Structure formats: C-alpha cells, structure tokens
Amino acid sequence: TSHVVLLRASGEHTGDDYDLTGILGAGDDQIPHAIQLIAFADAFYADKPTALEEARTALRAVVGDGALVDAAGIVGVYDAVVRIADATGTPLEDYKVELSASLRDELGINDFPSARA
C-alpha cells in the first residue's frame, strides 16, 4: 500500500497520470492473466508456506516458463531495489515525507531502524 501512495505522489510531482486501480483488481480484463500475476507477486510475502509454490504453478499454467521467469525477475528486482534503498539510507524525497506521514505512522514504518537515519 505504501508503494501505491508513493507512486501516486511521484506521478503528481512529475505530472504523470497513473491508473492505480489495477493493483486492486480493477481492470483485470485489460491485463492478460492479471489475477495470477498479482497472486504470484503477493505470494512472495505471504505467511502461508505453500503460497509461492501454488501461485507459481498457477501462473506457469497460463503463461508458460519464459513469462514465469520474467515475472520472477521483476519481483526480484523490485524487492532488491527497495532493500538497497533501505540499506544505503537513501532518503525519501521531501515532497513524499508529508504525503506519506500518516501512512508511515499507521504502518509503524517510522519505527524501522532505517527510518532513524
């Protein structure tokens, strides 16, 4: 959810317009296999031990091995970029600080060690 807020804020800052309803399931008919793709991305962070295996199997069945590898690469790169930013102490842009204040407080993000820098 915090990434959605920040993407929206980035778009407002740059003048770009993003339709973020897709990440909530709206428009699944516009993106082939959106339901399986979202389930696959969500499974990386699920508490259920078998979630990733189940999501991977379901996604592979509809997109094949090559697209499954592409989807896994995208999830991996996105996760890595966030971890690198956190590990290096990359600061949040000034305009995002105010926009995300209540969300960061609600989620306890301000209590993370990386937020103390």
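Here are a few exercises on the structure above, each with a worked solution.

The model is predicted, so local features need pLDDT of at least 70 and side-chain atom pairs count only at pLDDT 80 or more, while totals for chains, interfaces and linings use all residues. Residues are numbered from 1 along each chain as its sequence is written, and side-chain values use heavy atoms, with hydrogens and water left out.

**Exercise 1. Work out which helices and strands the protein chain has, and in what pattern.**

Step 1: Start with the rule: helices (H or I, at least four residues) and strands (E, at least two) are DSSP runs, numbered from the N terminus.
Step 2: By that rule the protein chain has five helices and zero strands.
Step 3: Reading along the sequence gives α-α-α-α-α.
Step 4: For burial, 17% of the 117 residues of the protein chain count as buried. Buried means under 20% relative accessible area, exposed over 50%, and partly exposed in between (1.4 Å probe, protein chains only).

**Exercise 2. Find where helix α3 bends, and by how much.**

Step 1: Take the length you'd expect: a straight helix of 38 residues would span 56 Å at 1.5 Å a residue. The expected span is 1.5 Å times one less than the number of residues.
Step 2: Now check the model, where α3 spans only 31 Å between its end C-alpha atoms.
Step 3: Look at glycine 64, where α3 bends by about 120°. That bend is the angle between axes fitted to the seven residues ending there and the seven starting there.
Step 4: Go past the end of α3 and you meet glycine 89, with a positive phi near 75°.

**Exercise 3. Are α2 and α3 roughly parallel or roughly perpendicular to each other?**

Step 1: Get the crossing: the axes of α2 (residues 34–43) and α3 (residues 51–88) come within 9 Å and cross at roughly 95°. Axes are lines fitted to C-alpha atoms, for helices over the stretch in contact, and angles run from 0 to 180 degrees between N-to-C directions.
Step 2: Apply the cut-offs: under 35 degrees is roughly parallel, over 145 roughly antiparallel, 65 to 115 roughly perpendicular, and the rest oblique.
Step 3: α2 and α3 are therefore roughly perpendicular to each other.

**Exercise 4. Describe which residues of α2 meet α3.**

Step 1: Contact means heavy atoms within 4.5 Å. On the α2 side, the residues include Leu37, Ala39 and Phe40, and they meet α3 residues including Leu59, Val62 and Val75.
Step 2: Sort by class, and this contact has 15 nonpolar, one polar and one charged residues. Ala, Val, Leu, Ile, Met, Phe, Trp, Tyr, Cys and Pro count as nonpolar, Asp, Glu, Lys and Arg as charged, and the others, Gly among them, as polar.
Step 3: Add burial: Ala51, Ala55, Leu59, Leu68, Ala71 and Val75 are the buried residues of α3, and they pack against α2. The buried residues of α2 are Ala34, Phe40 and Ala43, with α3 included in what covers them.

**Exercise 5. Place histidine 33 and find how valine 63 relates to it.**

Step 1: Histidine 33 sits in the loop between α1 (2–14) and α2. It has a positive phi of about 65° although it is not a glycine.
Step 2: Histidine 33 is partly exposed, at 33% relative accessible area.
Step 3: Valine 63, in helix α3, touches His33 and Leu68, not counting residues up to four places away in sequence.
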